[in-house]
Amino acid sequence: MISNILEAPLTPVTDLDDAEEAVRPVARSMVRLLGVTVRAQFPDAAYLVLQRSTEDEEVYLVAVRNAEGMDLWDFPTDTPACYRPFPSPVPPELAELWGDLDPQRPDSIESLAQRIDAVLGIDVVPKSALHPGEEKMERTPLGIPLLDAEVPEWPITWPRFVATVERLRAEGRALARLIADTLNRQFDGAAAYLVLEESDSRDFMGMQSIRDGDGGTLFEFGDDDANLPSLPDDSPLAAAWGHMDPAHPWTPSRAIQQLYRLGFTFDWTPDHLPSDDAPSEEQCLLLSPAARPSWWGLIDEESETLLRPYSAPCPHS
């Protein structure tokens, strides 16, 4: 079985709230570390400009820009692997905060920016710093403000940030496992796919339906009066949801939206499921070993963010 979270223990849904609460202050400290580091190279820098890719939704470096919109340093957007190093090494007291990463290398800056984006999100560049035509682009460039010129006094190290993010991801994987086990129990082991629907604005992940292994419909969301099957009162699954009722569709919906907002990603339903009304190429959470992803290899491509509680065995393994 291919899974990155099969061994994740059942934990209360509030554990993810606690992990998110812990990671946000550290992420904000990382914004300041990034600002201090870049401004050590470019004292007039105001924004680290990035572009969100339409292929993988990740952010990539575009330029270091001043407040008036002048690029002080640009990055090749077609060949990110060919980033040239920044002009000179950063001060030793800054380099120490980066752990094993070299802050003179733009790929280190980009890696931190991507992690910040996953936790906090990144706003668009202010109009005053946009180049002509950028505001009309399909995706307006994003900008991390680089406002701090002094090294913070408190310990904001890259290793601490990585460790905090890893805790958040572990809790997210545990929550996904809780969703899967709950829905599977509610439908007596028949639930295989929780079919999802992302809004066109890419700011909300809704739930369409619950499907069995053949793609047949077990439950459709949208009827405000329809509840999911109840769990026994003494069920550890029910206890793990705390004060929230897992029979109410709002409960898994809130959990999915929270995972989506934190940057977690999902599988896609496969083609050619037996049922006549089976979904095809819709985002989904795999709920049991009867479920197969559209592409097993996605777990290798997005191992840090992909939520795959269960999966049928890969036919080539």
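User: Which residues of H3 are buried?

Analyst: In this predicted model, H3 covers residues 106–120. Buried here means a relative accessible area under 20%. The residues of H3 that meet this criterion are Pro 106, Ser 108, Ile 109, Glu 110, Leu 112, Ala 113, Gln 114, Arg 115, Ile 116, Asp 117 and Val 119.

User: Why is H3 described as largely enclosed by the rest of the structure?

Analyst: Helix H3 has 15 residues and spans 21 Å from its first C-alpha to its last, close to the 21 Å expected at 1.5 Å a residue. It is largely enclosed by the rest of the structure because the buried residues number 11 of the 15.

User: Which residue follows H3, and what is its phi?

Analyst: Helix H3 ends at residue 120. The residue that follows is Gly 121, with a positive phi near 80 degrees.

User: Which element supplies the largest share of the lining of the largest pocket?

Analyst: The largest pocket holds about 1600 Å³ of space, and its lining comprises 49 residues. Elements that each supply at least two of them are E1 (47–52), H3, E5 (193–198), H6 (250–261), E8 (267–268) and H7 (298–301). The largest share, 7 residues, comes from H3.

User: How many residues in the lining of the largest pocket are charged?

Analyst: Nearest the centre of this pocket lie Arg 52, Asp 56, Glu 57, Gly 263 and Thr 265. By class, the lining of the largest pocket has 14 nonpolar and 13 polar residues, and the charged residues number 22.

User: Which element gives the largest share of the lining of the second largest pocket?

Analyst: The second largest pocket has a volume of about 150 Å³. Its lining includes Ile 116, Leu 120, Gly 121, Gly 143, Ile 144 and Pro 145. Two or more lining residues come from each of H3 and E4 (142–145). The largest share, 3 residues, is that of E4.

User: How many residues in the lining of the second largest pocket are nonpolar?

Analyst: Among the lining residues are Val 31, Tyr 47, Ile 122, Val 124 and Pro 126. The lining has 2 polar residues and 1 charged, while the nonpolar residues number 9.

User: Is Asp 188 buried or exposed?

Analyst: Asp 188 lies in the loop between H4 (158–186) and E5. Its phi is positive, about 55 degrees, although Asp 188 is not a glycine. The relative accessibility of Asp 188 is 75%, so the residue counts as exposed.

User: What is the relative accessible area of His 272?

Analyst: Most residues other than glycine have a negative phi. The phi of His 272 is positive, near 65 degrees. His 272 is located in the loop between E8 and E9 (283–286). The residue is exposed, with a relative accessible area of 76%.

Terms used
Residues are numbered from 1 along each chain as its sequence is written. This is a predicted model: local features need pLDDT of at least 70, side-chain atom pairs count only at pLDDT 80 or more; totals for chains, interfaces and linings use all residues. Side-chain values use heavy atoms; hydrogens and water are left out. Helices (H or I, at least four residues) and strands (E, at least two) are DSSP runs, numbered from the N terminus. The expected span of a helix is 1.5 Å times one less than its number of residues. Buried means under 20% relative accessible area, exposed over 50%, partly exposed in between (1.4 Å probe, protein chains only). On a 1 Å grid over the protein atoms alone, a cavity is a set of points where a 1.4 Å probe fits but cannot get out, and a pocket is an open set with protein on both sides within 12 Å along at least five of seven lines; lining residues have an atom within 4 Å of a point. Grid points are joined across faces, edges and corners, and a volume is the space filled by probe spheres set on the points. Ala, Val, Leu, Ile, Met, Phe, Trp, Tyr, Cys and Pro count as nonpolar, Asp, Glu, Lys and Arg as charged, and the others, Gly among them, as polar.
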